[in-house]
Amino acid sequence: VDETVIVTSTGALALAKVPASMVVIGAGVIGLELGSVYARLGAKVTVVEYLDVITPGMDGEVQKTFQRLLKRQGLDFVMGAAVQKAVAADGRASVTYKLRKDDSEATLEADCVLVATGRKPYTAGLGLEALGAQMEPRGQVKTDAQWQTNVPGLYAIGDAVAGPMLAHKAEDEGMALAEVLAGKHGHVNYGVIPGVIYTAPEVASVGQTEEQLKEEGRAYKVGKFSFMGNGRAKAVFQGDGFVKILADKETDRVLGAHIIGPAAGELIHEICVGMEFGASAQDIALTCHAHPTFSEAVREAA
């Protein structure tokens with residue numbers, strides 16, 4: 001990684017010019033956000049992913065729709081591919097990968113390679129070793145339910161501890177810990193932390209996916225509504241995507257929601273508030289929503 005030809009997300013924000021071609025290693029959030037930005041600026045973008053799906057851990061239907069829409073925008077995908085090496089020479093790079101299904105090897109040439117295979121906690125220089133702080137196998141600081149480490153009086157939150165590396169998760173932990181330190185009862189509801197992918201269209205999710213519910217053996221119902229049936233979305237030519245709500249089959253309590261479409265990152269919070277209140281899908285469906293708005297699609301799904 002030289003941050004000029006082979007870059008991380010840091011170097012990708014400071015390229016001297018838009019590359020004619022770019023290979024993105026990893027089809028996670030950062031790779032797709034930055035890859036789609038450079039595709040819109042005119043780069044020929046190829047995404048190489050080890051797994052057979054993009055955005056691992058997201059709802060399966062969203063993954064398929066999202067990949068289809070990105071392909072339509074000009075991004076190419078090489079799935080099930082294990083990158084062997086990336087080499088920079090004379091201002092260009094070559095990426096060699098092996099397909100997992102048959103071990104065949106291939107090489108891609110590009111002006112720029114973005115390595116977006118995830119981030120590790122950065123704890124260097126904090127003196128954790130000297131203090132004897134326990135660490136998790138993947139480099140996070142080990143904490144208890146009150147964010148305290150094994151060293152009395154030493155607490156850790158945010159990207160340095162387990163859980164999603166999201167600024168809003170860290171902020172919630174900071175507020176909760178301040179309550180704990182003041183002798184009160186700080187709490188973070190980790191089941192209601194929204195995640196947003198800032199592409200066009202946006203993707204947002206909260207709670208459980210259909211795959212997780214199946215694995216749990218939980219009986220659930222699905223409510224889905226396409227933005228193609230939403231007046232506001234059609235009027236601004238953003239009818240791609242849908243709202244999907246998952247609710248408990250018996251109680252109708254909302255267990256999760258997955259949105260791909262216009263303003264998805266804003267729309268998800270109606271579900272977050274509902275889940276905090278233990279709302280049923282019917283509660284959302286019976287709430288009056290202004291017309292014409294994108295949010296009507298949430299009501300229709302409910």
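Me: In what order do the three strands of the open sheet with S5, S6 and S7 run, and which are the edge strands?
Reply: This is a predicted model, and its three strands form an open sheet with antiparallel pairing, in the order S5-S6-S7. An edge strand here pairs on one side only, and that holds for two of them. The edge strands are S5 (81-89) and S7 (105-110).

Me: By how much are neighbouring strands of this sheet turned against each other on average?
Reply: The pairing in the S5-S6-S7 sheet is antiparallel, and the angle is taken with direction ignored. On average, neighbours are turned by 20°.

Me: How many bridges join S6 to S7, and which residue in S7 stands opposite Ala93?
Reply: S6 covers residues 92-99 and runs antiparallel to S7, with six bridges joining the two. Opposite Ala93, in S7, stands Ala110.

Me: Moving on to S12, is it mostly covered or mostly open, and how many of its residues are buried?
Reply: Strand S12 spans residues 242-248 and is mostly covered. One side has Phe242, Lys244, Leu246 and Asp248, the other has Val243, Ile245 and Ala247, and both faces are covered. The count of buried residues is seven of seven.

Me: Which residue stands opposite Ile245, and which is the bridge partner of Lys244?
Reply: S12 pairs with S11 (residues 220-226) in the antiparallel sense over seven bridges, and Ile245 in S12 has Gly223 opposite. Six bridges also join S12 to S13 (residues 254-261), again antiparallel. There, the partner of Lys244 is His258.

Me: Which residue in the turn of the S12 and S13 hairpin has a positive phi?
Reply: S12 and S13 form a hairpin, with five residues between them. The phi in question is about 70°, and the residue is Asp252.

Me: Why does Thr46 count as buried, and where is it?
Reply: Buried means under 20% relative accessible area, and Thr46 counts as buried because its relative accessibility is 12%. Leaving aside neighbours within four places in sequence, its contacts include Met22, Val24, Asp76 and Leu108. As for its place, Thr46 is in strand S3 (residues 44-48).

Me: Which element gives the largest share of the lining of the second largest pocket?
Reply: That pocket has a volume of about 270 Å³. Of its 14 lining residues, the closest to the centre are Asp172, Asn189, Val192, Ile193 and Glu276. Two elements give two or more residues to the lining, helix H5 (167-181) and helix H8 (264-276). The largest share, five residues, comes from H5.

Me: How many residues of each class line the second largest pocket?
Reply: The lining has 14 residues. By class, they are eight nonpolar, three polar and three charged.

Notes
Residues are numbered from 1 along each chain as its sequence is written. This is a predicted model: local features need pLDDT of at least 70, side-chain atom pairs count only at pLDDT 80 or more; totals for chains, interfaces and linings use all residues. Side-chain values use heavy atoms; hydrogens and water are left out. Helices (H or I, at least four residues) and strands (E, at least two) are DSSP runs, numbered from the N terminus. Buried means under 20% relative accessible area, exposed over 50%, partly exposed in between (1.4 Å probe, protein chains only). Contact means heavy atoms within 4.5 Å. Two strands pair if DSSP finds at least two bridges between them. Axes are lines fitted to C-alpha atoms, for helices over the stretch in contact, and angles run from 0 to 180 degrees between N-to-C directions. On a 1 Å grid over the protein atoms alone, a cavity is a set of points where a 1.4 Å probe fits but cannot get out, and a pocket is an open set with protein on both sides within 12 Å along at least five of seven lines; lining residues have an atom within 4 Å of a point. Grid points are joined across faces, edges and corners, and a volume is the space filled by probe spheres set on the points. Ala, Val, Leu, Ile, Met, Phe, Trp, Tyr, Cys and Pro count as nonpolar, Asp, Glu, Lys and Arg as charged, and the others, Gly among them, as polar.
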